Amino acid sequence: MTAAEDPRAELLRLRASIDNIDAALIFMLAERFRATQQVGHLKAAHEMPASDPGREEQQVARLRALAEVAHLDPEFAEKWFNFVVAEVIRHHTEAAEGR
């Protein structure tokens, strides 16, 4: 029986691929948060609001469109973005408060 015929081997191969993707996502999120921390410090230094609803609305529309092209549920993409933005705003608020 070859690896292609063995469902356990195929499962292991698929899981290894998923694990690699998860690792890449974590490192990409870390990079994203490093960039948003810089934005937060800039906003705090210039007394700008922590959130930018207009920018967020543009990003939701852009990410929903990208999700459709990528064959990913746009609702999921929007939920993911909203989750991330909530954390970013929390960081920006803390930066503005001098924490």
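Which element gives the most to the lining of the second largest pocket? Some notes to get you started.

1. Ground rules: this is a predicted model, where local features need pLDDT of at least 70, side-chain atom pairs count only at pLDDT 80 or more, and totals for chains, interfaces and linings use all residues. Residues are numbered from 1 along each chain as its sequence is written, and side-chain values use heavy atoms, with hydrogens and water left out.

2. Start with H1 (residues 7-45) and H3 (residues 74-96), two helices (DSSP runs of H or I, at least four residues, numbered from the N terminus). Their axes (lines fitted to C-alpha atoms over the stretch in contact, with angles from 0 to 180 degrees between N-to-C directions) come within 9 Å and cross at roughly 40°. The pair is therefore oblique, that is, not under 35 (roughly parallel), over 145 (roughly antiparallel) or 65 to 115 degrees (roughly perpendicular).

3. Now the second largest pocket (an open set of points on a 1 Å grid over the protein atoms alone, where a 1.4 Å probe fits, with protein on both sides within 12 Å along at least five of seven lines; lining residues have an atom within 4 Å of a point). To come back to the opening question, H3 gives the most to its lining, with five residues. The lining has 15 residues, and Thr 36, Lys 43, Arg 55, Val 88 and His 92 lie nearest the centre.

4. The largest pocket is lined by 13 residues, with Leu 25, Leu 29, Leu 72, Phe 76 and Trp 80 nearest its centre. Here H1 gives the most, with six residues.
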